Every structure is written in C-alpha cells, then in structure tokens.
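Q: Could you take me on a close look at the ligand site of this model? I would like to see what surrounds the ligand and how the site sits within the protein.

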Amino acid sequence: MGSYMNNYFTVQTGFYGNTSPDRLLEQFGSPLYVYNENILRKRCREMANLVPYANFKANYSVKANSNLELLKIVRSEGLHADAMSPGEIFVLMKAGFKPEEIFYVSNNVSAGEMKFAIERGIITSIDSLSQLELYGRINPGGKVAVRFNPGVGAGHHEKVITGGKKTKFGVNLDLVDEVKRILKKYNLKLAGINQHIGSLFMEGDPYIEGLKSILSVAEKFDDIEFLDFGGGFGIPYRKQERQPRLDLDTLGKKLGDIISSWVKKYEKEVIIKIEPGRYIVAECGVLLGTVYAVKKNYGDTYVGTDLGFNTLMRPVMYDAHHEIEVYKNGKPVSTEVLEKVNIVGNICESGDIIAKERLLPKIEEGDIIGVMDAGAYGYSMASNYNNRLRPAEVLVRSNGEVSLIRRRDTLEDLVRNFDL
Ligand SMILES: *Cc1c(COP(=O)(O)O)cnc(C)c1O
C-alpha cells in the first residue's frame with residue numbers, strides 16, 4: 001500500500017473547487033450530494049465522440065440521475081436522452097430536451113403511458129409482442145421501435161443483466177416474423193431496433209459480441225432509421241487500487257469498424273445510438289456524510305454516519321463497492337496507520353452498511369465521509385425510508401463556485417400527499 005492516498009480522487013480532480021467538504025456541509029447540511037461540472041462534461045464528451053461515424057449519437061439514460069441542472073449540462077454537450085417512464089419524459093422536457101431528442105424505452109406499460117409519448121411525438125421502443133399489439137391498436141400507422149433480446153447478457157450483478165435467456169426484457173430473436181406480421185396488421189413503420197444487455201462492463205468485447213445479433217436482426221427489416229446498441233459502459237469503482245478505465249479508444253475503433261462495414265452492406269447510413277447512464281454521471285458525484293459514533297461490537301469497528309441506504313442503495317442492493325474518503329475539518333488525514341472498519345448508516349436495519357471491512361485512516365466523531373462515484377443511481381434511487389429527508393444536491397461549477405441545484409426535503413414534504 002505504498003502509494004495509498006485516501007483522498008486521491010478528489011485531490012487529483014480538484015473535485016471541490018473553491019470550497020471543501022466541511023464548508024459544504026456547514027452551508028448545505030449533511031448528508032449532501034456534490035457534483036462536479038468539469039467531470040460531467042468530460043464524460044459526456046467521451047461518449048459523444050466514442051465512435052468516428054457521422055450518424056453516431058449518445059443518448060444519456062436519465063434513470064441514472066435526473067437532476068434538472070445536470071440534464072441541462074448533458075444537453076448542452078449535445079447528447080440526446082433515453083427515458084424509461086412518463087415521469088422521465090416529463091423531467092427531460094422540463095430540462096429543455098425536444099421530443100425528437102428523447103427515446104422512450106418502455107417495458108410493460110399501460111395504454112395511457114404509451115399515449116403520453118405518442119401525443120408528444122416521442123418514439124417508443126416496445127418490449128413484447130403483446131405490447132406491440134397494444135401500440136398498433138392505439139397508434140395505427142405510427143412509427144415504433146422494437147427491443148430485441150439477443151439471448152446473451154452481461155453485467156456486474158444478476159439484477160442488472162438485462163439481456164439473455166433468463167431476463168424479462170426484449171423480444172426473442174426467433175419472433176421476427178411475428179413482429180413483421182403485427183407491424184403490417186397496424187401499418188406501423190419500424191423506425192429502429194434497440195437492445196441493452198446489461199450494466200457495468202469493463203471490457204468492450206462482450207458488448208461488441210452482443211451487437212452481432214442486433215445487426216443480423218436489423219438486416220431482416222428494410223429501411224431502418226436507427227439502431228440502438230444500449231448502455232452499460234462501466235466505470236472504475238476501485239479507484240484507490242488504480243483500477244484501469246474502460247479502454248474507449250479500442251472500443252470506439254472496433255465499433256467504428258463494425259458500423260462502417262455494416263452500413264455498407266445495408267446500403268444506408270443509419271443512425272447508431274448508445275445509451276450510457278452510469279458512465280456519464282457516476283464519477284461526477286460524491287455523497288458526503290458525517291460521523292456521529294464510532295464503536296466496537298464484539299471486535300468489529302462500526303463507524304456510524306448519516307449515510308443510510310436511503311441515500312445510496314447500491315451497496316445493499318448490488319453488494320456494490322464505493323470508495324471512501326475521510327476528511328477531518330480541513331486538516332490533513334494521516335494514512336500511516338490504517339484501521340479496518342465498517343461504515344454504516346442510521347437506518348433501522350442491520351443490512352444498512354455502506355462500506356464493509358475497509359482499511360481506512362483513523363476515523364473519529366465529527367469527521368466527514370465522502371462516498372465516491374455516487375452520481376449514478378445515488379439520488380435517483382434515494383428514498384424517504386424511515387421518514388428520512390433526502391439530501392440536497394449541489395454543483396461545483398467549472399469556475400470553482402458552488403450552487404444549490406436541489407433543496408433538501410423538508411418535514412412538510414413527508415406529509416404533502418395527505419393534503420386531500
Ligand atoms: C439502465 C439502462 C441503461 C443505462 O445503463 P448504464 O449501466 O447506467 O449505462 C441504458 N439502457 C436501458 C434500456 C436501461 O434500462
């Protein structure tokens with residue numbers, strides 16, 4: 001551990017701009033989500049320019065984080081967006097996205113939800129034959145996309161593998177004739193085909209491999225306008241071990257080669273889309289919390305914080321690893337002696353552990369804990385469980401200044417819907 005430096009990531013990136021964790025918590029309260037604009041813009045650009053192909057488009061998958069200010073930044077970088085629900089469509093339009101910049105990837109939705117997108121002129125991807133029938137009945141003669149399941153999946157955890165034989169998603173590849181029959185019956189135009197095989201791959205090859213089937217399915221349809229290869233681009237969660245990044249240069253070149261030879265064969269420069277969610281927002285977000293208790297229970301050390309799993313579900317839900325930084329009121333943190341600890345929250349469940357058995361600098365009451373890579377699936381999965389208030393969100397702008405971009409819940413918010 002010679003090169004171990006606890007706050008490596010935030011120092012290296014100048015994460016906190018002109019301010020610091022202790023000043024942020026003093027000003028905005030604890031816990032707090034902090035986002036860095038420079039990092040967000042950098043990740044947007046990497047995805048927008050991933051493939052050297054003129055008709056390439058990165059669609060940000062907004063379920064990872066739908067803060068309005070962050071969405072505006074993503075849009076200003078030229079990305080389009082994916083929505084999974086009418087609520088996400090609503091939020092995207094509030095952030096300024098135009099209907100033609102939104103793709104609705106639906107899954108088991110009502111006629112009303114389909115109409116929500118149709119009325120706004122937003123293209124919808126359909127996930128089953130029965131939903132394609134429904135779509136045909138309510139929008140005959142319309143344009144539609146179909147999500148196929150290539151029979152293979154990939155991902156860091158069973159719960160986020162979304163392609164393959166044991167998942168609920170997509171239309172089986174052997175149902176192409178049925179899809180054609182329903183399209184014809186309702187005079188629907190198939191605008192595009194999409195897939196999403198899973199989340200958080202760190203090697204590009206399974207993703208590339210997964211494209212073979214979508215490309216061969218696409219060949220069975222004339223005049224496709226777009227193909228959407230899905231998201232799942234991973235980020236290095238183990239930053240303190242210097243985990244390597246996904247090799248975008250190699251992946252981009254391989255994608256570029258596949259795309260250019262395919263469009264030649266198809267004889268049409270179709271639009272190619274990808275759907276990164278986590279890759280865009282994970283690393284621009286840190287979740288800050290405060291240490292209120294340190295104790296030993298039968299030999300194990302527990303650091304008790306206000307970071308319950310209502311603020312970050314990933315460790316509990318996916319056994320996810322998030323790196324921890326320790327801050328001591330602006331004073332430097334010594335890493336000479338490390339101690340094995342469990343960082344836990346304030347929710348009334350034993351599973352409420354945000355970081356298990358980590359070697360960290362000595363932590364005391366009043367210290368601040370930073371949870372890295374909390375920008376994706378952090379706030380968007382946060383809840384009011386235990387009637388906790390969801391934290392505020394602040395943005396460290398490119399000029400180093402900080403702005404509040406969503407206020408903390410209030411106690412009144414907890415009873416607002418009882419106002420009958
Ligand atoms: C969740 C999701 C994504 C984004 O996944 P990431 O792992 O965050 O990149 C993209 N497309 C679809 C259909 C999804 O459900």
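**The ligand and its surroundings**

A: Happy to. In this predicted model, the side chain of K63 places an N or O atom 2.8 Å from an oxygen atom of the ligand. Backbone atoms take part as well: an N or O atom in the backbone of G277 lies 2.9 Å from a ligand oxygen, and for R278 a backbone N or O atom is 2.7 Å from an oxygen atom of the ligand. The ligand on its own would expose 390 Å², and 95% of that area is buried by the protein.

Let's step back to the whole shell. The ligand is surrounded by 14 residues, and K63, S199, E275, R278 and Y377 are the closest of them. K63 and R278 thus appear both in that closest group and in the polar contacts described above, K63 through its side chain and R278 through its backbone. Sorted by class, the shell holds 4 nonpolar, 6 polar and 4 charged residues. As for the space itself, the ligand occupies the largest pocket.

Now for the wider setting. The domain assignment splits the protein into domain 1, covering 2–35 + 282–418, and domain 2, covering 106–276. Measuring aside, the computed centres of the two domains, taken over C-alpha atoms, are 35 Å apart. Domain 1 and domain 2 also touch: 17 residues of domain 1 are in contact with 14 residues of domain 2.

How values were computed. Residues are numbered from 1 along each chain as its sequence is written. This is a predicted model: local features need pLDDT of at least 70, side-chain atom pairs count only at pLDDT 80 or more; totals for chains, interfaces and linings use all residues. Side-chain values use heavy atoms; hydrogens and water are left out. A residue is near a molecule or strand if one of its heavy atoms lies within 4 Å of it. A polar contact is a pair of N or O atoms within 3.5 Å; within protein, one must be able to donate a hydrogen and the other to accept it, and residues adjacent in sequence count only if both atoms are side-chain atoms. Accessible areas come from the Shrake-Rupley method with a 1.4 Å probe; for residues, only the protein chains shown count as cover. On a 1 Å grid over the protein atoms alone, a cavity is a set of points where a 1.4 Å probe fits but cannot get out, and a pocket is an open set with protein on both sides within 12 Å along at least five of seven lines; lining residues have an atom within 4 Å of a point. A molecule sits in a cavity or pocket if more than half of its atoms lie within 2 Å of its grid points. Ala, Val, Leu, Ile, Met, Phe, Trp, Tyr, Cys and Pro count as nonpolar, Asp, Glu, Lys and Arg as charged, and the others, Gly among them, as polar. Domain bounds come from an automatic or database domain assignment. Contact means heavy atoms within 4.5 Å.
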